Amino acid sequence: MISGKRILVTGGAGFIGSNLVAALSPANTVFVVDDLSEGFRDNIRSIPVAFFQKDVRDAEFMRKLMSKHKFHAIFHLAASFANQKSVENPVLDLDVNGMGTLKLLELSKEFGVETFLYASSSCIYGSTNEPIQEDMKPMPETPYAISKLLGEEYVKFYADFHKMNAKSVRFFNVYGPNEYPGPYRNVIPKFFALAKQKNPLTITGTGEETRDFTFVADAVEGTILVSEKGKPGEAYNIGSGLETKIIDLAKSVNEMAGNHNNIQFTPRRDWDHISRRLADNRKASELGWTAKTPLKEGLRKTFEWLESVKAGEQK
């Protein structure tokens, strides 16, 4: 486990970022840059960090910050999220996820950052019915997937050409505390929001589609391990390695929330062609990582957290 380091987490008030900050802060000096366009200040309010409400694309601010503090490690999670939002706002998506990443890599090279960890996504693989290994050909199908893959390619270039200790993780459907429901958020918080209101859960598709759901504490553990032991320039899958049908997920959420309303179905979104999603985690396993949290346990922890927060009081 990392200790005694000065660490910058971009997007550190967001869902995964805030959980990462909570894991890193006890043994390190942690700085967070987040413009709160996706994140929530309350996610890290009780954590001892230096917080800056700034856009990672603000080159002048980032230069001053990095010049002053000489970070040992950067975890780059700031992003415009995710697929549907990118379809609606492709220029913003490219600017934040592409140029934002490139500018940060340039500054990291300039100021001698020892470790650079980039957060990518399993969506870069596109549609496939096979367990996904890192060496499979990427087939991005949305601007978000394209920009995330672009970020990975820049990370690989800086690792290969500039000899930076930079690497990437590809998250598979991460869920858990600190993710609020919203129009562009993931299916689990959306399902819980509907179930708590005693409304039918809406599935886009048939419900037979599968996804690899990964509890956030496991994802954070894998991210930190890759930052320490991962090979420069490489990308690592971070997933549970287990498939769950969306219909079964919906039934579990309804049961947990005491929602007896039916499940309803709508057609898939135009960009969503994925029927099956399963991570092959062999590379991360070789580093010593495996997902430990069963889905039912992770859902229970997520529901308990959602019950503990009041809608509208997040920021």
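**Exercise 1: a helix pair**

Work out the handedness of the crossing of α2 and α4, and say whether the two helices are roughly parallel or roughly antiparallel.

*Solution.*
Step 1. Keep in mind that we're working with a predicted model. In it, the crossing of α2 and α4 is right-handed.
Step 2. Now the angle: the axes of α2 (residues 59-69) and α4 (residues 90-110) cross at roughly 30 degrees, and they come within 10 Å.
Step 3. Angles under 35 degrees count as roughly parallel, so that's the label for α2 and α4.
Step 4. Who's touching whom? From α2 we have Met-62, Arg-63 and Met-66, which meet Leu-104, Leu-107, Ser-108 and Glu-110 of α4. Sorted by class, this contact has four nonpolar, two charged and one polar residues.

**Exercise 2: the buried side of a helix**

Find the buried residues of α6 and decide where around the helix they sit.

*Solution.*
Step 1. Helix α6 spans residues 187-196, and its buried residues are Ile-188, Pro-189, Phe-191, Phe-192 and Ala-195.
Step 2. Look down the axis: these residues cover an arc of only 160 degrees, so they're on the same side of α6.
Step 3. What do the buried residues of α6 pack against? Their partners are two strands, β7 (174-175) and β8 (201-204), plus two helices, α8 (246-257) and α10 (295-308).
Step 4. Just past the end of α6, check the backbone: Lys-198 has a positive phi of about 60 degrees.

**Exercise 3: two of those partners together**

Describe how α8 and α10 pack on each other.

*Solution.*
Step 1. Their axes are 11 Å apart, and the packing angle is about 45 degrees.
Step 2. That angle makes α8 oblique to α10.
Step 3. The crossing of α8 and α10 is right-handed.
Step 4. On the α8 side, the contact uses Leu-249, Ser-252, Met-256 and Ala-257; on the α10 side, it uses Lys-296, Leu-299, Arg-300 and Phe-303. By class, that's five nonpolar, two charged and one polar residues.

**Exercise 4: a loop residue**

Is Asn-259 buried or exposed, and which residues is it in contact with?

*Solution.*
Step 1. Locate Asn-259: you'll find it in the loop between α8 and β13 (263-266).
Step 2. Buried means under 20% relative accessible area. Asn-259 has 5% relative accessibility, so it counts as buried.
Step 3. Skip its neighbours within four places in sequence, and Asn-259 is in contact with Leu-194, Ala-195, Lys-198, Asn-199, Leu-201 and Asn-254.
Step 4. Tie it back to Exercise 2: among these contacts, Ala-195 is one of the buried residues of α6, and Lys-198 is the residue with the positive phi.

Definitions and conventions
Residues numbered from 1 in each chain as written. Predicted model: local features only at pLDDT ≥ 70, side-chain atom pairs only at ≥ 80, totals over all residues. Heavy atoms only, no water. Axes fitted to C-alpha atoms, helices over the stretch in contact; angles between N-to-C directions. Helix = DSSP H or I, 4+ residues; strand = E, 2+ residues; numbered from the N terminus. Parallel < 35°, antiparallel > 145°, perpendicular 65-115°, else oblique. Left-handed = near helix turned anticlockwise from the far one by under 90°. Contact = heavy atoms within 4.5 Å. Nonpolar A, V, L, I, M, F, W, Y, C, P; charged D, E, K, R; others polar. Buried < 20%, exposed > 50% of the residue type's maximum accessible area, 1.4 Å probe, protein only. Arc of directions from axis to C-beta.
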